[in-house]
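Got your viewer open and a selection box ready? Load the model below and we'll go from stop to stop, picking things out as we go.

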Amino acid sequence: MKLTCLSEGGNYHFPPCHILNICGFRVLLDCPLDLSSLMIFSPVPPSSNSRPQNVVSECGCDLSLDSISMGGKKKKLRPDDEISVNSLVHSVPWYKTVNNLHLWDVSFIDVILISRPEGMLGLPFLTRCEGFSAKIYATDVTRRLGQLMIEDLVAMHKEFRQFYGPEGSDLPEWMKMDQLEKLPLQLKEIVLGNDGTHLGGWMPLYSAADVKDCIQKVEPLKYAEEVCYNGVLLIKAFSSGCGIGACNWRLKGPKRDVSYLCSSVCASDPAMNFDWKSLQESDTIIYSDFSSIDGGDNIGTEVDHSAQMLATNGLSNTDQSSIKKLLDSDKNSEAGKLEFVLSCIVDSLRAGGSVLIPMGQLTVMLELLDQIELSQELPLLKVPIFVISSVATEALSFLSIIPEWLCRQKQEKLFAGKPLFGHTHLLDQKRIHVFPSICSPELLSLWQEPCIVFCPHWSLRRGPAVHFVRRWRTNKNSLLVLEKGIDAELALLPFKPVTMKVLQCSFLSTLSLSKILPLLESLRPKLVLFPNSLKQAITSPYPSCLSSLSYSENITLSVPNSRVCSELEISADLVFRYLWRKLRQENASVAALEGKLIMDHGRQRLVLEDEPTNPFPKKPALRWGSLEPDALLSALQKFGIHGTIEKEADENGDVFSVHVTEPGKVLVKVRGTDAVISTADKVLAARVLDAVDSILDKL
């Protein structure tokens, strides 16, 4: 088995990507896009004929971008890294795929496994390639939500094409080397990467037809549903808790049992809980949660107290109850973060400011809407909530009909006759309004400030979020909520000067460093593959029962096989046909196996083979054992054959000859495991062979 890490990923929206060679098949684990690289582009300039005048307006002010508040911290740009809005690329955006993935021949990829919707955004780039024939698997929900995310991406891209015109077939001007040299260092590193090799990963966006063709090739699965690829590789998906429909994978073959453990979330409301028990007893675990390196336990200096809620006791216990307690300990922390975000929203609304929440994680939006529905303060403020997205109506409708994919608390609401999510109540009370575009006439008639707006895109380069940042950027009472891991200064560069408040939050609690080893010790794998950067970050001692190897980007790691032998299933009707022979020197019986070897659902099976029309000649007998000189001479004498022994000098020390003189001349030469009988008398040769057989085991 070989593992090649193509990308360690970035933030939540850019998951890792790997190529796994297992059982002779190449498996691609996720196919994401690095949408944070869109920040090198300038958003479409405002135009009075392309936006509703009473919703979006330009403001002028001379305040510095350094006044942005990000978790109570301010970050200064170094003089040699300073960039301005004119430094950004003013062109139709291209999209950065996983580095070096374009170097692989897609016709050699056999299987693609998608862990969550964000890992699906780069898939149409592969499926439109000539020669693509891989089987694609994703959970039913991941497939649908991934489709909506891709369609929304294509819809938002149209705004650039309408402004700049259709794209040409040639390389865009900004990608030429003389233009790249003019970019500031920070933007140049985004385009070329730290090693200058990432330029080949940039591609123009796929079309709506490419998306339709791609989705048709994705085979949906349920949790724990088993699918068999080519009769050899068994594949199952288990909940990771990192979003509705997100999963970890388990792959089983004749000689391999591998679990792929990607980003997993302990406090997984509203998604189904992290199913760690189904990953137990794997031969190998590929650990691929790079977010653990960043901690992911707090949302800034204002809420550092929530990180202290994490339970750290009982780490040495590896029984199921202690591990469950360890994983469940993040739920209080997650609730504390959401309550803090809601308090910031209320403070901004009371001060007369509006709140913009660029949609990133669908799960976070649902949880915030649940908090808003439960809040006793927000109804008193009487502020409207707007959800603006081309796919918002479909997404919210879809989530209301998939209770089997949600956590136990949500399912209990269904059985009690209550709505699954808080936004259902908000829609009934007309406190929340859903629109496909900011140009919708209904939105203009209902528009009111202050308000709360959920809309794409978190990169602040496309979608309705661009227009609302322009509108509220100089309102010091307005609030912009961004996710941790986004470069807020670069994201807000096109809108400077900015005085609105910015709150960066790490919403979902991925596995922290303190929980990785206790969890893996409970899973009891024979081998764990860690990313090298994560292995260096873990300072606590490794359990003695845990063997591990580390991998790095773009370096192929050969993984040893922990299984000495593989299992073979023999059909009952075939077993009774075998002639069993008891060994002389061991308490065991053996038989020569005959039949047809087949692969069936990852298992090697020997079944009865139909009798051939022209059977082959009978195979020679298989003999084994050792021929000692004295034992051989004694056996020959029992058959009336007499001779003498002559030992020969050899470095192996086990070469000798028997010269038979009566009843005829025969030479028996024994060298190691070979014995050669030389004589002109066939009858005498058969008697010598019978003597040899009498002291050897034979099939």
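Start by selecting β31 and β32: these two strands pair in the antiparallel sense, with 5 bridges between them. Keep in mind that you're looking at a predicted model. Now add the turn: the two strands form a hairpin, with 2 residues between them. Click on G672 in that turn and you'll find a positive phi of about 65°. For a cross-strand pair, show R671 and D674, since R671 stands opposite D674 in β32.

**Along β31**

Stay on β31, residues 666-671, and switch on its side chains. Which ones are buried? V666, V668 and V670 are, and they point to one face. L667, K669 and R671 point to the other face and are not buried. That fits a general pattern: in a regular strand, side chains alternate between the two faces of the sheet.

**Back to β30 and β29**

Next, select β30. It pairs with β31 in the antiparallel sense too, over 6 bridges. This is another hairpin, with 3 residues between β30 and β31. To see the register, pick V660, which stands opposite V666 in β31.

Now bring in β29. Strand β30 covers residues 655-662, and 6 bridges join β29 to it, again with the strands running antiparallel. The pair to click here is K647 and F656: K647 stands opposite F656 in β30.

**The sheet as a whole**

Show the four strands together. They form an open sheet in the order β29-β30-β31-β32, with antiparallel pairing. Why does one side of β29 and of β32 have no neighbour in the sheet? β29 (642-647) and β32 (674-678) stand at the edges, each with a single partner strand, so one side of each is left without a neighbour. Look across the sheet and compare strand directions: ignoring direction, neighbouring strands are turned by 15° against each other on average.

**Into the core**

Zoom out, then select L28, I112, W174 and V453. In the largest nonpolar core, which has 79 residues, these four touch the most other members. Add helix α15 (residues 464-472), which gives this core its largest share, 5 residues. The general background is that, in soluble globular proteins, nonpolar side chains tend to be buried together.

Center on I112 and show what surrounds it. Leaving aside neighbours within four places in sequence, I112 is in contact with L28, L123, L126, F132, A134, K135, I136 and Y137. Then jump to V258, L342, I385 and L420, which are among the 76 residues of another core, lying apart from the one you just left.

**The cavities**

If your viewer can draw internal voids, turn that on. How many cavities of 30 Å³ or more does a search of the whole structure find? There are 3, and the largest has a volume of about 520 Å³. To get there, select E118, M149, M359, G360 and L362: of the 31 residues lining the largest cavity, these are the closest to its centre. Then color α2 (140-164), α9 (362-374) and α11 (392-399), the elements that give two or more residues to its lining. The largest share of that lining, 6 residues, comes from α2.

**One last look**

Finish with everything visible. The protein has 21 helices and 33 strands, and 51% of its 699 residues are buried. Among contacts between residues at least 6 apart in sequence, 71% join residues at least 24 apart.

Methods
Residues numbered from 1 in each chain as written. Predicted model: local features only at pLDDT ≥ 70, side-chain atom pairs only at ≥ 80, totals over all residues. Heavy atoms only, no water. Core = buried A, V, L, I, M, F, W, Y, C linked by side-chain atoms within 4.5 Å. Buried < 20%, exposed > 50% of the residue type's maximum accessible area, 1.4 Å probe, protein only. Contact = heavy atoms within 4.5 Å. Pairing = 2+ DSSP bridges. Axes fitted to C-alpha atoms, helices over the stretch in contact; angles between N-to-C directions. 1 Å grid on protein atoms, 1.4 Å probe; cavity = no way out; pocket = protein on both sides within 12 Å on 5 of 7 lines; lining within 4 Å. Points joined across faces, edges and corners; volume = space filled by probe spheres on them.
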